[in-house]
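Here is a quick walk through a protein–DNA model. Have a look at the structure first, and then we'll go through it piece by piece.

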2 protein chains.
Amino acid sequence: MTSAQPDTDLSDFLPFLLFQAAELSSRNFQHHYQSRYGMLRTEWRVMFHLGSDGSQTAKQICNRASLHKTKVSRAVKALEEKRFLFRETVTHDRRSELLCLTKQGQATFAKLTVVATEFDKTFEQSLGAKEHEKLVATLQKLITLHQGKG
Amino acid sequence: MTSAQPDTDLSDFLPFLLFQAAELSSRNFQHHYQSRYGMLRTEWRVMFHLGSDGSQTAKQICNRASLHKTKVSRAVKALEEKRFLFRETVTHDRRSELLCLTKQGQATFAKLTVVATEFDKTFEQSLGAKEHEKLVATLQKLITLHQGKG
DNA sequence: GCTTAAAGGTTACGTTTGTAACTAACAACG
DNA sequence: CGTTGTTAGTTACAAACGTAACCTTTAAGC
């Protein structure tokens with residue numbers, strides 16, 4: 001621990017902490033959409049964005065969720081086959097289509113939202129409301145800042 | 001937005017925020033180990049843990065990094081082929097081997113540590129030292145709490 | 001209008017991943 | 001000891017992924 005070598009203690013290297021936290025929380029939640037609805041992680045995320053932000057194009061989902069377009073493309077296809085969403089042609093630009101949840105998709109989203117909210121509350125309980133809120137704010141800030149660099 | 005339906009606004013659903021932040025930071029850093037050393041993400045993470053926590057078994061890395069054992073197994077094999085690590089038989093239990101960085105592995109780790117530290121500093125700068133510190137602490141807390149449930 | 005460039009998506013292909021089944025070494029218990 | 005169960009790690013196989021090439025539609029330049 002000489003002072004010349006500024007003791008680069010990276011045991012708390014942020015990308016790893018983020019990955020680990022993301023991975024653990026994700027794994028602890030996935031059975032909810034996987035076992036009951038046979039959905040994959042990306043499918044759940046796409047459905048989530050459609051459910052909470054409303055109908056939108058694949059491109060918009062890519063941007064908002066930081067997901068690769070091929071990943072989204074395949075998830076959309078899968079959700080379509082499961083009758084959770086349908087495509088609506090946008091008149092002014094026929095390259096992209098508006099993705100909309102079906103009745104069934106909306107119902108499933110609603111159910112999963114309930115479970116997700118409960119799940120989210122466990123974080124709030126273990127961290128405390130204040131720290132939880134702070135974490136959310138910090139993450140949003142971080143995401144906004146790093147969004148453009150991709 | 002009736003009050004009966006408690007407006008489950010999940011636009012800040014924690015698992016997604018974590019994933020997104022993890023994904024963005026990870027993507028912004030990966031070219032450092034990928035282009036220069038041909039390392040994959042998991043390989044970098046394994047090397048990182050060996051470098052910062054010292055020689056250890058695959059199992060220990062799995063636990064500490066929340067990585068699946070097959071993923072670690074393959075990363076170790078790849079790092080071994082690249083002469084970044086070697087295995088040392090532990091006398092009292094021949095099921096597991098101690099994984100150790102080679103000279104070359106240590107050198108590479110040292111170089112990457114410098115870059116990683118710089119990278120980490122960009123977070124500190126954009127968030128501010130205090131918020132950055134708080135974030136790290138919160139994430140560590142979160143990880144500890146959810147570790148057992150896997 | 002015609003050519004060229006770019007954007008939204010999809011698909012083909014090779015790589016990476018997870019699940020499950022496996023080997024090998026150890027531990028417990030009779 | 002010998003059987004049974006468990007743990008560390010590897011491997012086979014199928015599923016999921018990213019890169020790059022592709023189609024289609026729109027926009028830009030002339």
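## A pair of odd serines

Ser66(B) sits in the loop between α3 (58-65) and α4 of chain B. This is a predicted model, and in it Ser66(B) has a positive phi of about 55° even though it is not a glycine. Most residues other than glycine have a negative phi. Is Ser66(B) buried or exposed? It counts as buried, because it has 20 C-beta neighbours inside 10 Å, and 20 is where the buried class begins.

Chain A has its own version of this. Ser66(A) is placed in the loop between α3 and α4 of chain A, and its phi is positive too, at about 55°, again without being a glycine. Ser66(A) counts as buried, given its 20 C-beta neighbours inside 10 Å.

## Helix α4 of chain A

Just beyond that loop on chain A, let's take the helix by itself. α4(A) has 13 residues and runs 18 Å from its first C-alpha to its last, close to the 18 Å expected at 1.5 Å a residue. Which of its residues are buried? They are Val72(A), Ala75(A), Val76(A) and Leu79(A). These four cover an arc of only 105° around the axis, so they are on the same side of α4(A). That spacing makes sense if you recall that an α-helix has 3.6 residues a turn, so residues three or four places apart point the same way.

What lies over that buried side? The cover for the buried residues of α4(A) includes α2, α3, β1 (85-89) and β2 (97-101) of chain A. On the face turned away from the buried side, α4(A) carries the exposed residues Thr70(A), Lys77(A) and Glu81(A). After the helix comes Arg83(A), with a positive phi near 60°.

## Zooming in on Val72(A)

Val72(A) is part of helix α4 of chain A and counts as buried because it has 23 C-beta neighbours inside 10 Å. Setting aside neighbours within four places in sequence, its contacts are Val46(A), Ala58(A), Ile61(A), Cys62(A) and Leu67(A). One of these, Val46(A), is 26 residues away from Val72(A) in sequence, yet their C-alpha atoms are 7.2 Å apart in space.

## Where the DNA sits

Now for the two DNA strands. DNA strand C is surrounded by 19 residues, and the closest are Thr57(A), Ala58(A), Lys59(A), Ser73(A) and Ser96(A). Two or more residues of this surface come from each of α3 (58-65) and α4 (69-81) of chain A, along with α2 and α4 (69-81) of chain B. α4(A) gives the most, with four residues. By class, the surface near strand C has three nonpolar, seven polar and nine charged residues.

Around DNA strand D there are 20 residues, of which Arg94(A), Ala58(B), Lys59(B), Ser73(B) and Ser96(B) come nearest. At least two residues each are supplied by α2 (41-53) and α4 of chain A and by α3 and α4 of chain B. Here α4(B) has the largest share, at four residues. The surface near strand D splits into three nonpolar, seven polar and 10 charged residues.

## How the two chains meet

How many residues of chain B are in contact with chain A? There are 47, and they touch 47 residues of chain A. On the chain B side, α1 (14-37), α2 (41-53), α5 (103-127) and α6 (129-147) each supply at least two residues. The largest share, 16 residues, comes from α1(B). By class, this side of chain B has 22 nonpolar, 16 polar and nine charged residues.

The largest nonpolar core has 68 residues, and among them Leu18(A) and Leu18(B) touch the most other members. Not counting residues up to four places away in sequence, Leu18(B) touches Leu18(A), Ala21(A), Ala22(A), Ser25(A) and Leu139(A). As background, nonpolar side chains tend to be buried together in soluble globular proteins.

## A strand residue on chain B

One last stop: Arg87(B) is in strand β1 (residues 85-89) of chain B. It is partly exposed, because 15 other C-beta atoms lie within 10 Å. Beyond its neighbours within four places in sequence, Arg87(B) is in contact with Glu97(B), Leu98(B) and Leu99(B). Arg87(B) and Thr57(B) are 30 residues apart in sequence and 9.1 Å apart in space, C-alpha to C-alpha.

Key: Residues are numbered from 1 along each chain as its sequence is written. Chains are lettered from A and ligands numbered from 1 in the order in which they are written. This is a predicted model: local features need pLDDT of at least 70, side-chain atom pairs count only at pLDDT 80 or more; totals for chains, interfaces and linings use all residues. Two residues are in contact if their C-beta atoms, placed from the backbone, lie within 7 Å. Ala, Val, Leu, Ile, Met, Phe, Trp, Tyr, Cys and Pro count as nonpolar, Asp, Glu, Lys and Arg as charged, and the others, Gly among them, as polar. A residue is near a molecule or strand if its C-beta atom, placed from the backbone, lies within 6 Å of it. A residue is buried if 20 or more other C-beta atoms lie within 10 Å of its own, exposed if 12 or fewer, and partly exposed in between; C-beta atoms are placed from the backbone. A nonpolar core is a set of buried Ala, Val, Leu, Ile, Met, Phe, Trp, Tyr and Cys residues joined through C-beta atoms within 7 Å. The expected span of a helix is 1.5 Å times one less than its number of residues. The arc is that of the directions from the helix axis to the C-beta atoms.
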